[in-house]
Amino acid sequence: VSGLERTADMPPSVVIANHPDTLDLYICGAAVPKRAVYVGKKSLLYIPGFGLLYWLAGNVLINRSNSRHSKATLNATTDALTKGNRSIWVFPEGTRNHGKNILPFKKGAFRMAIEAGVPIVPVCVSSYSGRLKLNKRVSGSVNIKVLEPISTVGMTVDDIEPLMNNCWHKMKQAIELLDDQILAV
């Protein structure tokens, strides 16, 4: 993990990360800032053992099939950022990309950051889906890089698209470099 020092004394922020695989919650564990909760789909609740622990830990569950409910949940996370002194970890792709590059972002995380007036902290994970051999003692390598925070001060909802595109391009470039580093080893 590089850039971890950026999360040490980080104010409440919206942390965004690419989503290569279902193992991301475990693989990214070292990069999760203190006082952070995840935003995940409501169906995670139904995974035996994991779902209940995920919910009890204070993570936010979104019903993606009901957009009105999803927006209300995101509004509640905005309150957590401003009043609860917490950071929110979001996979803005909305689903796993299975290591096939970074998917287009959804707007929720960026709207949340702008409305709360908090920075966005991009976390980039090298592509590992299908490359790790979990039946081996050393299953492989994954590189993670925490990028510089991106301020949302003074932004409005009109700035969501440019902010989202800026973050997407920065992350795509960083992920390509991380992948090149893995392949060079």
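**View 1. Glu161 and its partner Lys107 form a salt bridge.** E161 is partly exposed because its relative accessible area is 36%, where buried means under 20%, exposed over 50% and partly exposed in between (1.4 Å probe, protein chains only). This is a predicted model, in which local features need pLDDT of at least 70 and side-chain atom pairs count only at pLDDT 80 or more, while totals for chains, interfaces and linings use all residues. Residues are numbered from 1 along each chain as its sequence is written, and side-chain values use heavy atoms, with hydrogens and water left out.

In the pair shown here, the closest N and O atoms of K107 and E161 are 3.1 Å apart; a salt bridge is a side-chain nitrogen of Lys or Arg within 4 Å of a carboxyl oxygen of Asp or Glu. The pair links distant parts of the chain, 54 residues apart: K107 sits in the loop between β4 (87-90) and α4 (108-116), and E161 in helix α5 (residues 160-184). Helices (H or I, at least four residues) and strands (E, at least two) are DSSP runs, numbered from the N terminus. K107 also counts as partly exposed, at 41% relative accessibility.

**View 2. Helix α4 holds a salt bridge between R111 and E115.** Look for the closest N and O atoms of these two side chains, 3.6 Å apart. The two residues are 4 apart in sequence, about one turn of the helix. R111 is partly exposed, with a relative accessible area of 38%, and E115 is partly exposed at 41%.

**View 3. In helix α5, the side chains of K172 and E176 meet.** Their salt bridge spans 2.8 Å from N to O. About one helical turn separates K172 and E176, because they are 4 residues apart in this helix. With a relative accessible area of 38%, E176 counts as partly exposed. By the salt-bridge rule, the count comes to 4.

**View 4. C124 and C167 are cysteines without a disulfide bond between them.** A disulfide is a pair of cysteine sulfur atoms within 2.5 Å. The sulfur of C167 is 9.7 Å from the closest cysteine sulfur, that of C124, so the two are too far apart for a bond. The count of disulfides comes to 0. Are these two cysteines buried or exposed? C124 is buried, at 0% relative accessibility, and C167 is buried with a relative accessible area of 0%.

**View 5. S13 makes a polar contact with the backbone of P11.** A polar atom of the S13 side chain lies 2.8 Å from the backbone oxygen of P11. A polar contact is a pair of N or O atoms within 3.5 Å; within protein, one must be able to donate a hydrogen and the other to accept it, and residues adjacent in sequence count only if both atoms are side-chain atoms. S13 belongs to the segment before β1 (14-17) and is buried, with a relative accessible area of 0%.

**View 6. The whole chain gives the close-ups their setting.** Welcome to the wider picture: the chain has 5 helices and 6 strands, arranged along the sequence in the pattern β-α-β-α-β-α-β-α-β-β-α. Of its 185 residues, 43% are buried.
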